[in-house]
Amino acid sequence: MNRPAKTFKYPVNFLRIGNLEKTLLENLRLLPTERQQEVLDFVQFLVQGQKVKQSPNESSESSISPT
């Protein structure tokens, strides 16, 4: 199993939005295509989880009919 030679730990103040995106892209490009696909699958899983968490509130509000 291939593992990165070094694990990078960034201080919280380094991970501003622009730097976070840049760091993610730089690291993503280092991965083989199969691993990039795994990262994409995981991100889509996280996004779907966010939608599911938001759905109960939205659906209960939208299902209430005015009286």
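This passage describes the overall make-up of a predicted model and then its side-chain contacts and surface.

The protein chain contains two helices and zero strands. Helix α1 covers residues 17-30, and helix α2 spans residues 33-62, with a loop between the two in which Leu31 is placed. Of the 67 residues of the protein chain, 1% count as buried. The area exposed by the protein chain comes to about 6,700 Å², and 59% of this area is supplied by carbon and sulfur atoms.

One salt bridge is present in the structure. In general terms, side chains of opposite charge can pair when their charged atoms come close. The partners in this model are Arg35 and Glu38, whose closest N and O atoms are 2.9 Å apart. Both residues belong to helix α2, where they stand three residues apart and are therefore separated by about one helical turn. With regard to solvent accessibility, Arg35 is classed as partly exposed, its relative accessibility being 35%, and Glu38 is likewise partly exposed, with a relative accessible area of 43%.

Polar contacts were found in each of the helices. In helix α2, which also holds Asp41, the side chain of Asp41 makes a polar contact with the side chain of Gln37 at 2.9 Å. Asp41 has a relative accessibility of 40% and so counts as partly exposed, given that this class lies between the limits of 20% and 50%. In helix α1, where Asn27 is located, a polar atom of the Asn27 side chain lies 2.7 Å from the backbone oxygen of Thr23; this contact thus involves the side chain of Asn27 and the backbone of Thr23. Asn27 itself is partly exposed, at 31% relative accessibility.

A nonpolar patch on the surface is formed by Leu31, Val39, Val43 and Val47, which together have about 270 Å² of accessible area. One of these residues, Leu31, sits in the loop between α1 and α2, and with a relative accessibility of 32% it counts as partly exposed. The three valines of the patch, Val39, Val43 and Val47, have positions that fall within the span of helix α2, residues 33-62, so that the patch brings together a residue of the loop and residues of this helix.

Methods: Residues are numbered from 1 along each chain as its sequence is written. This is a predicted model: local features need pLDDT of at least 70, side-chain atom pairs count only at pLDDT 80 or more; totals for chains, interfaces and linings use all residues. Side-chain values use heavy atoms; hydrogens and water are left out. A salt bridge is a side-chain nitrogen of Lys or Arg within 4 Å of a carboxyl oxygen of Asp or Glu. Helices (H or I, at least four residues) and strands (E, at least two) are DSSP runs, numbered from the N terminus. Buried means under 20% relative accessible area, exposed over 50%, partly exposed in between (1.4 Å probe, protein chains only). A polar contact is a pair of N or O atoms within 3.5 Å; within protein, one must be able to donate a hydrogen and the other to accept it, and residues adjacent in sequence count only if both atoms are side-chain atoms. Patches are made of residues with over 30% relative accessible area and no salt bridge: like charges are joined within 9 Å, nonpolar side chains (Val, Leu, Ile, Met, Phe, Trp, Tyr) within 5 Å. Accessible areas come from the Shrake-Rupley method with a 1.4 Å probe; for residues, only the protein chains shown count as cover.
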